[in-house]
Amino acid sequence: MITESTRFQTVTTRERVVEYRIPEDEDMTQDGITSQVATSEIPGGPILAEPTADPCVLVIFGITGDLAKRKLIPALYNLMVGGSLPRRFAVMGLGRTEMSTPELRERLREQTGKFSRQPLDSEIWNRFAAHLEYVCGSFDEPATYEELRARLSQVDATVGTAGNRIYYLSTPAATFPVILENLHANDLLPRGHGHQTQPWAQVIIEKPFGRDLDSARELNRMVRRYIAEDQTYRIDHYLGKETVQNILVFRFGNSIFEPFWNRKYIDYVEITAAETIGLQGRGRFYDQTGVIRDVVQNHLLQVLALCAVEPPVSFTANDIRDQKVQVLKSLRPITSMEIADQVVTGQYRGYCDEPGVAKDSRTPTYVAMKVLIDNWRWQGVPFYLRAGKNLGGRCTEVAIHFQPIPLSLFPQGNTCQILERNILTLRIQPEEGISLRFVAKVPGEHLSVGNVSMNMNYSSAFGKPLSEAYERLLLDCMRGDATLFERRDGVEQAWQFVTPILDALEADTKSPVNYYAPGSAGPAEADQLLARDGRHWSPLS
Ligand code: BG6
């Protein structure tokens with residue numbers, strides 16, 4: 001928010017003058033606060049203003065769980081290292097395990113050392129941990145919330161966190177109602193206190209947002225009883241990945257791609273999320289979830305939506321999310337009659353022997369599907385989605401296959417002509433970057449043509465490692481920027497598309513399961529899905 005007390009500083013780049021704001025209460029020289037300007041590594045490149053985050057307390061329900069130790073605390077620590085956390089910031093963790101605050105700090109120090117993308121620096125960790133507190137208690141006990149309230153007031157007084165709160169529900173969805181009810185009853189979560197009010201209170205909830213359309217609607221209704229939409233931050237960590245954010249920047253920051261970004265020039269699109277890992281101890285959860293709920297309903301459909309959206313009128317949260325919802329609304333439903341032609345599921349061999357998995361489970365660990373978008377831009381362009389665990393390569397990417405040339409002009413005969421189509425690949429992970437495949441003359445006296453790739457690699461192009469998705473998302477929530485979070489209607493729209501597919505697949509208990517060998521590219525049946533259209537999957541590399 002720009003107030004009268006906002007000071008401005010002017011920075012001149014080679015091309016233009018940029019003004020950015022400095023809130024009066026931020027001491028730019030203090031530890032833990034860096035300049036708000038993210039300067040470009042490229043001389044003459046743009047200088048962008050990044051709003052700083054407000055003072056606040058992040059309350060993590062489920063601090064002793066896996067997500068907190070692997071992702072949340074390492075993300076906060078890395079934000080501290082990068083100087084992006086507000087100076088007046090604290091973490092209050094809640095859990096059922098009996099332990100003291102020093103014990104929690106010690107435990108998290110060890111785990112952060114293991115899971116942080118940057119090595120642990122004792123001095124920085126100690127500064128971070130000094131404002132990390134533990135409240136032990138059951139989530140359905142009023143006494144837990146009384147203690148929480150008292151401790152939060154104490155932190156406000158000592159750290160200066162101004163009464164601003166983020167509640168992170170890193171717990172099973174079944175606990176959300178009781179947590180929200182108790183926060184509400186203890187005046188810890190006033191409805192309507194979004195980022196525009198002082199103090200503000202926001203809630204981050206983790207997927208899965210339901211397990212089908214009805215349960216997602218029910219969850220949304222329940223959440224809405226306690227908080228307004230602008231207080232609700234539904235996290236899909238894919239949206240925090242730099243390379244996923246870059247899809248929109250790439251499309252709308254360059255003039256040369258947008259004219260080709262439609263059915264006239266694009267033949268088909270492949271979106272792949274292939275993992276080499278298996279269940280990693282999550283057998284029970286996964287067996288009730290399966291690949292479609294786990295990654296397609298959320299991550300893959302979000303990536304698809306970003307690739308397919310119309311230009312938003314502005315880069316604000318609601319304008320972008322409005323456009324994404326339009327795409328999700330345009331997905332052509334896949335009826336039970338069409339499932340066999342458009343959806344292939346598979347299960348890796350040995351899945352049923354995993355701990356927590358039913359011996360006769362039919363839960364898919366792999367899916368490939370052909371999705372069509374009924375709008376002017378994409379009519380007739382298939383989007384082929386595939387995702388799976390225990391595959392032969394780790395690769396998350398979008399491959400845009402352009403139309404073939406209308407006619408080859410190169411003389412036949414003793415020349416070698418392998419004219420592949422142009423393919424633009426947005427590599428989301430690993431080897432984050434972008435590559436464009438095109439045809440070029442092979443040096444020599446004959447007119448031979450071959451295929452080459454032009455590559456951009458993120459870390460070498462910008463000379464710095466990419467941050468983790470949770471870093472960006474936590475920071476955005478502190479800034480009140482919901483652009484990279486899912487909105488209620490988007491979540492429901494995605495379920496609307498996926499639920500009939502799940503219903504039809506789950507009703508079919510007779511068809512044989514398509515098994516695939518761990519370390520392979522998935523079941524052979526998935527190849528037939530594309531072969532029927534005269535196409536084949538890109539290799540998992
Ligand atoms: C999670 C899924 O949402 O995403 C996991 O629950 C999956 O099963 C993970 O492994 C993949 O995320 P990433 O960031 O490792 O690609």
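How far is an oxygen atom of the ligand from an N or O atom in the side chain of lysine 241? Keep that one in mind as you work through the exercises below; the model is a predicted one.

**Exercise 1. Describe the ligand's surroundings, beginning with the opening question.**

Step 1. Start with lysine 241: an N or O atom of its side chain lies 2.6 Å from a ligand oxygen. That answers the opening question.

Step 2. Now look at two acidic side chains. For glutamate 275, the distance from a side-chain N or O atom to an oxygen of the ligand is 2.5 Å. For aspartate 294, the corresponding value is 2.6 Å.

Step 3. Turn to the surface. On its own, the ligand exposes 390 Å², and 81% of that is buried by the protein.

Step 4. List the shell: Lys207, His237, Tyr238, Lys241, Glu275, Arg282, Asp294, His299, Lys389 and Gln429 surround the ligand. Sorted by character, the shell has 6 charged, 3 polar and 1 nonpolar residues.

**Exercise 2. Place glutamine 429 in the fold and find its partners.**

Step 1. Glutamine 429 belongs to strand β16, which covers residues 423-429.

Step 2. Is glutamine 429 buried or exposed? Its relative accessibility is 13%, and the cut-off for buried is under 20%, so glutamine 429 counts as buried.

Step 3. Follow the side chain: glutamine 429 makes a polar contact with the side chain of lysine 241 at 2.7 Å. Both residues also appear in the ligand shell.

Step 4. Leaving aside residues up to four places away in sequence, glutamine 429 touches Tyr238, Lys241, Arg394, Cys395 and Thr396.

**Exercise 3. Trace the open sheet and identify its edges.**

Step 1. Read off the order of the 9 strands: β18-β17-β16-β15-β11-β14-β13-β12-β19, with mixed pairing.

Step 2. The edges are β18 (448-457) and β19 (515-516); each has a single partner strand, so one side of each has no neighbour in the sheet.

Step 3. Check the pairing at β18: β17 (residues 433-442) runs antiparallel to β18, and 10 bridges join them. Across this pair, arginine 437 stands opposite serine 453 of β18.

**Exercise 4. Work out the setting of lysine 370.**

Step 1. Lysine 370 sits in strand β13, residues 366-371.

Step 2. With 17% relative accessibility, lysine 370 counts as buried.

Step 3. Its side chain makes a polar contact with the side chain of aspartate 533, at 2.9 Å.

Step 4. Beyond four places in sequence, the residues that lysine 370 touches include Ile334, Gln342, Pro382 and Leu529.

Terms used. Residues numbered from 1 in each chain as written. Predicted model: local features only at pLDDT ≥ 70, side-chain atom pairs only at ≥ 80, totals over all residues. Heavy atoms only, no water. Helix = DSSP H or I, 4+ residues; strand = E, 2+ residues; numbered from the N terminus. Buried < 20%, exposed > 50% of the residue type's maximum accessible area, 1.4 Å probe, protein only. Polar contact = N/O pair within 3.5 Å; in protein donor to acceptor, adjacent residues only side chain to side chain. Contact = heavy atoms within 4.5 Å. Near = heavy atom within 4 Å. Areas by Shrake-Rupley, 256 points an atom, 1.4 Å probe, with all protein chains shown as cover. Nonpolar A, V, L, I, M, F, W, Y, C, P; charged D, E, K, R; others polar. Pairing = 2+ DSSP bridges.
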